[in-house]
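Student: I'd like to go through this one by asking how each label is earned. Can we put the values against the cut-offs as we go?

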Amino acid sequence: MSKKRRVWCLDPIDGTKGFLRGRVEGGQYCIALALIEDGEPVLSVLGCPNLPLPSTPATATTPYGLWSDEEIHESEEQQYPSPSTFSATRGCMFVAVRGCGCYEIPLHVIEKMLKRNITGNDDDESLSSSSWTQLQVTPNDGTSSSKPISQAKFCLGVERGFSDPNGTILKIAQLIHGADALTPATDDGDDNDSGVQDIKNSLRMDGQGKYGLLSRGDAEVFLRLPKKGYVDWVWDVAPGYLILKEAGGTMTDVRGRPIDFSEIGGEGRRVAKLPDYVEGILGSCGGVFHDALVEAHAKVKEE
């Protein structure tokens with residue numbers, strides 16, 4: 001039996017600028033880990049300490065994940081040592097294993113599990129396998145049970161100069177959402193957004209936690225279209241790839257081709273880089289949504 005080629009990919013702070021932006025401002029980052037076996041991701045973990053849990057108030061803020069005055073006050077009044085490191089409304093971990101699905105668990109629950117294992121106290125019946133939620137993307141078959149493609153929420157990076165330097169994503173949004181897809185140009189004093197239009201039905205955050213949001217149905221579309229010649233590092237793609245795939249979603253290059261991880265861990269200069277043909281990343285809930293995304297990108301590039 002031949003020995004499998006295994007490569008661990010780790011980004012200890014994926015979304016560095018979100019980390020520097022600070023948790024109170026909604027800065028998002030994650031610890032991103034993936035195991036690639038014979039050129040295929042087989043295990044992924046995204047630990048997202050500041051990501052709002054599903055259906056909590058911070059999922060509806062702008063910027064996404066902004067702390068409320070109440071959260072700030074509670075944090076300032078917190079006694080040390082605190083009985084809990086993690087909030088009951090923030091912080092989660094996404095885990096995916098090839099062929100076994102994608103799951104989410106709050107970090108405060110993991111903390112309780114660890115304390116129970118240390119103390120041997122089994123009184124808390126809430127700590128069980130039911131604490132894990134299996135995730136499924138937004139229905140993507142285009143039937144009446146599916147959200148219309150024209151209502152697909154975009155989940156994008158904060159730093160537009162990196163993820164969309166040519167404004168291509170805005171044009172794609174107009175094809176998918178219609179002529180009124182964009183907000184009026186504003187001048188809010190932010191160097192990143194001053195005088196720039198944005199997509200109305202969208203949210204922006206740093207890090208691969210975006211794939212977690214797509215996986216739990218909080219958004220449907222992700223695009224990353226860096227400047228010409230840029231090639232992604234594997235740790236920026238592989239962890240989110242399997243999280244999304246195991247939840248029923250799809251990730252491809254801009255032409256709809258599968259992401260090839262076969263060279264990762266091999267000999268030569270490509271040990272940690274994706275192939276040159278991957279000029280950008282398209283992620284979605286899959287099905288007709290992904291078809292529309294690939295088609296819209298092709299139309300914009302033809303212009």
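Student: What covers the buried residues of H5?

Tutor: Bear in mind that this is a predicted model. The cover over the buried residues of H5 includes strand E7 (154–156), helix H4 (160–163), E9 and helix H8 (287–302).

Student: Why is helix H5 called largely enclosed?

Tutor: Count residues: H5 runs over 168–177, and seven of its 10 residues are buried, so the rest of the structure largely encloses it. Those buried residues are Thr-168, Ile-169, Leu-170, Ile-172, Ala-173, Ile-176 and His-177.

Student: What follows H5, and what is the sign of its phi?

Tutor: Gly-178 follows H5, and its phi is positive, near 110 degrees.

Student: Why does Asp-236 count as buried?

Tutor: Buried means under 20% relative accessible area. Asp-236 has 15% relative accessibility, so it counts as buried.

Student: Where does Asp-236 sit, and which residues is it in contact with?

Tutor: Asp-236 is in the loop between strand E9 (221–224) and helix H7 (238–246). Leaving aside neighbours within four places in sequence, Asp-236 is in contact with Asp-11, Asp-14, Gln-208, Arg-224 and Tyr-230.

Student: How many disulfides does the structure hold?

Tutor: Zero. Take Cys-48: the nearest cysteine sulfur, that of Cys-30, is 4.7 Å away, while a disulfide needs the two sulfur atoms within 2.5 Å. Cys-92 is in no disulfide either, with its nearest cysteine sulfur, that of Cys-48, 4.9 Å away.

Student: Are Cys-48 and Cys-92 buried or exposed?

Tutor: Buried. Cys-48 has 2% relative accessibility, so it counts as buried, and Cys-92 gets the label at 0%.

Student: Zooming out, how do you know that the chain agrees with a compact globule?

Tutor: Use the radius of gyration. For 303 residues a compact globule would have one near 19 Å, and the chain has 20 Å, so the two agree. Along its principal axes the C-alpha trace spans about 65 × 60 × 40 Å.

Student: What share of the residues counts as buried, and what share of the contacts joins residues at least 24 apart?

Tutor: Of the 303 residues, 49% count as buried. Among contacts between residues at least 6 apart in sequence, 69% join residues at least 24 apart.

Student: And how many positive and negative side chains are there?

Tutor: There are 31 positive and 44 negative side chains, with the centres of the two sets 6 Å apart.

Key. Residues numbered from 1 in each chain as written. Predicted model: local features only at pLDDT ≥ 70, side-chain atom pairs only at ≥ 80, totals over all residues. Heavy atoms only, no water. Rg over C-alpha atoms; globule rule 2.2 N^0.38 Å. Buried < 20%, exposed > 50% of the residue type's maximum accessible area, 1.4 Å probe, protein only. Contact = heavy atoms within 4.5 Å. Lys, Arg positive; Asp, Glu negative; His and termini not counted. Charge placed at Lys NZ, Arg CZ, Asp CG, Glu CD. Helix = DSSP H or I, 4+ residues; strand = E, 2+ residues; numbered from the N terminus.
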